[in-house]
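Please open the model in your viewer and keep a selection prompt at hand. The stops below are meant to be taken in order.

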Amino acid sequence: MRNFKYIYFLFFIICFNQAKSSENNLVFHGAYAFESFVGQKTGAVYVSIFNNTKSDYVISSLSSEIASDVEIHEMSFKDDIMKMRRIDKLIIKAKEQQYFQPGGMHIMLMGLNKELKDGSHFFINFLINDDINQRVKVMVLNKKLRENFIE
Ligand SMILES: [Cu+2]
């Protein structure tokens, strides 16, 4: 009986912490990347980030086991030339959201050390407000799906 109570208590703590963390942190939804070909050294990751909290958050640094550098990029057209620009610190204001999409803002993987295979996954670590480390799962999709996204 004593053990039983202990387990119940643990369960309560776990549930409480989960509720607390989604209230106090950014929520990352639907992160994906397209599969890569052999020898490909860069890749892009897309994700939706929601800030349902009452404070602003800053994403200051990213990392992953599968790439030597991970950066946030934004795309723009200048004189008909597409350019990518690095965003050093991405601010996500209270009650706002950011959508990373093909043709727009993306997370750039540089120095890929692994082939991204359809159906596999990897992780990206987001450093938030210089002290919260959030690990986000990224699903790898078949590259044929890309045609649905780009016109
Ligand atoms: Cu880029």
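The tour goes from the whole chain to one strand, then to one residue, and finally to the nonpolar core.

Before selecting anything, note that this is a predicted model, in which local features need pLDDT of at least 70 and side-chain atom pairs count only at pLDDT 80 or more, while totals for chains, interfaces and linings use all residues. Residues are numbered from 1 along each chain as its sequence is written.

Begin with a cartoon of the whole protein, whose secondary structure comes to one helix and ten strands; helices (H or I, at least four residues) and strands (E, at least two) are DSSP runs, numbered from the N terminus. Along the sequence the order is α-β-β-β-β-β-β-β-β-β-β. Of the contacts in the protein with a separation of 6 or more, 68% are between residues 24 or more positions apart, a contact being two residues whose C-beta atoms, placed from the backbone, lie within 7 Å.

Next select strand 8, residues 106–112, together with strand 2, residues 42–50: the two run antiparallel and are joined by four bridges, where pairing requires that DSSP finds at least two bridges between the strands. Within this pair, Thr 42 stands opposite Met 110 of strand 8. Now add strand 4, residues 67–78, which also runs antiparallel to strand 8 and is joined to it by six bridges; here Ala 67 stands opposite Leu 112.

Which residues does Leu 112 touch, leaving out those up to four places away in sequence? They are Ser 36, Gln 40, Lys 41, Thr 42, Gly 43, Ile 66 and Ala 67. Leu 112 is partly exposed because 18 other C-beta atoms lie within 10 Å, given that a residue is buried with 20 or more such atoms within 10 Å of its own C-beta, exposed with 12 or fewer, and partly exposed in between. A distance label from the C-alpha atom of Leu 112 to that of Val 70, 42 residues apart along the chain, should read 9.7 Å.

For the last stop, select the largest nonpolar core, which has 21 residues; such a core is a set of buried Ala, Val, Leu, Ile, Met, Phe, Trp, Tyr and Cys residues joined through C-beta atoms within 7 Å. Strand 2 gives the most to this core, with four residues. Among the residues with the most contacts inside the core is Ile 124, which touches Val 45, Leu 62, Ser 64, Val 70, Ile 107, Val 136 and Val 138, not counting residues up to four places away in sequence.
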